[in-house]
Amino acid sequence: DNAVQYYVTEFQRMQETLPGDFLADSRTNAMEQFRNAGFPTQRMENWKYTDIKPITRKNFTIPDKGSVQINTDLLSGARIGEIECHELVFINGIFSPQLSNIKTLPEAVVIQDLASADESRRALVSRHITRYADPAVNSFAALNTAFMNHGAFIYIPSNTILEVPVNIIYLSGFNDKPAAIY
């Protein structure tokens with residue numbers, strides 16, 4: 001299948017840009033599951049009423065850091081306003097530390113970009129990363145897991161109170177090709 005092969009090739013290209021990545025095993029396993037299962041079809045019970053051909057007919061690209069451009073008015077409109085908050089901003093799926101604002105956090109609370117999780121937090125991320133959307137059960141979960149990179153990583157231990165809310169802003173569409181954000 002050409003659509004599946006396109007994403008397998010894109011995955012191989014992406015792997016070269018993530019040296020020493022702690023999510024590499026999860027990604028590789030998910031891509032193998034996607035390669036074997038392919039996209040769902042209407043012959044499958046759970047997909048019999050869903051035509052995904054429009055998705056499989058396009059080659060969606062993964063935006064790179066060079067495509068991270070934003071209209072500041074659009075960003076201002078997505079902000080909560082006068083409410084003090086922790087804010088993670090992602091433009092075309094790529095975390096923007098310059099546009100984000102993380103206030104002082106209580107001890108052991110983590111609010112950060114998934115791609116920048118340090119050694120001490122990697123075990124925590126790994127325990128949860130494929131637990132809720134199993135790539136072995138759903139081809140789209142497998143595809144998303146294979147290409148995951150940036151994302152909001154929020155950990156609040158039991159019995160901990162976060163005094164201000166967390167606002168996560170995802171703005172996308174600032175490129176001239178069909179793009180997928182994972």
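Helices (H or I, at least four residues) and strands (E, at least two) are DSSP runs, numbered from the N terminus. The model toured here is predicted: local features need pLDDT of at least 70 and side-chain atom pairs count only at pLDDT 80 or more, while totals for chains, interfaces and linings use all residues. Residues are numbered from 1 along each chain as its sequence is written, and side-chain values use heavy atoms, with hydrogens and water left out.

**Stop 1: strand β4 and a nonpolar patch**

Select residues 152-155, which form strand β4, and pick out isoleucine 154 within the strand. Isoleucine 154 has 35% relative accessibility and therefore counts as partly exposed; buried means under 20% relative accessible area, exposed over 50%, and partly exposed in between (1.4 Å probe, protein chains only). Add Ile156, Ile168, Tyr170 and Ile181 to the selection: with Ile154 they make a nonpolar surface patch of about 390 Å². Patches are made of residues with over 30% relative accessible area and no salt bridge, like charges being joined within 9 Å and nonpolar side chains (Val, Leu, Ile, Met, Phe, Trp, Tyr) within 5 Å. Accessible areas come from the Shrake-Rupley method with a 1.4 Å probe, and for residues only the protein chains shown count as cover.

**Stop 2: the open sheet**

Next, show β2, β1 and β5. They form an open sheet of three strands in the order β2-β1-β5, with mixed pairing. The edges are β2 (94-95) and β5 (166-171); each has a single partner strand, so one side of each is left without a neighbour in the sheet. Two strands pair if DSSP finds at least two bridges between them.

Take the pairing of β1 (residues 86-91) with β2 to begin with: it is antiparallel, over two bridges. Select phenylalanine 90 and phenylalanine 95; the latter, in β2, is the bridge partner of the former. On the β5 side, β1 pairs in the parallel sense over six bridges. Here, select histidine 86 and, opposite it in β5, valine 166.

Now display the side chains of β5. Which of them point to the face where they are buried? Asn167, Ile169 and Leu171 do, whereas Val166, Ile168 and Tyr170 point to the other face and are not buried. Ile168 and Tyr170 were also met at the previous stop, as members of the nonpolar patch.

**Stop 3: two residues with positive phi**

Move to the loop between β1 and β2 and select asparagine 92. Asparagine 92 is not a glycine, yet has a positive phi of about 50 degrees. Its relative accessible area is 3%, so asparagine 92 is buried.

Then go to the loop between β2 and β3 (110-113), where alanine 108 is found. Alanine 108 also has a positive phi, of about 75 degrees, although it is not a glycine. Is alanine 108 partly exposed or buried? With a relative accessible area of 47%, alanine 108 is partly exposed.

**Stop 4: salt bridges**

How many salt bridges does a search of the whole structure find? The search finds five, a salt bridge being a side-chain nitrogen of Lys or Arg within 4 Å of a carboxyl oxygen of Asp or Glu.

Select arginine 79 and glutamate 87, whose side chains meet in one of them (1.9 Å, N to O). Arginine 79 is partly exposed, with a relative accessible area of 30%, whereas glutamate 87 is buried, at 5%.

Lysine 48 and glutamate 45 form another, with their closest N and O atoms 2.9 Å apart. Glutamate 45 is exposed, at 56% relative accessible area, and lysine 48 is partly exposed, at 33%.

For a further pair, go to helix α1 (residues 2-15) and select glutamate 10. Glutamate 10 forms a salt bridge with arginine 13, the closest N and O atoms being 2.6 Å apart. Both lie in helix α1, three residues apart, about one turn of the helix. Glutamate 10 counts as buried at 12% relative accessibility, and arginine 13 as partly exposed at 43%.

**Stop 5: phenylalanine 34**

Finish in helix α2 (residues 24-37) by selecting phenylalanine 34. The relative accessible area of phenylalanine 34 is 0%, so this residue is buried. Leaving aside neighbours within four places in sequence, phenylalanine 34 is in contact (heavy atoms within 4.5 Å) with Val4, Tyr7, Phe39, Ser139, Ala142 and Leu143. Add phenylalanine 147, which is 113 residues from phenylalanine 34 along the chain; their C-alpha atoms are separated by 11 Å.
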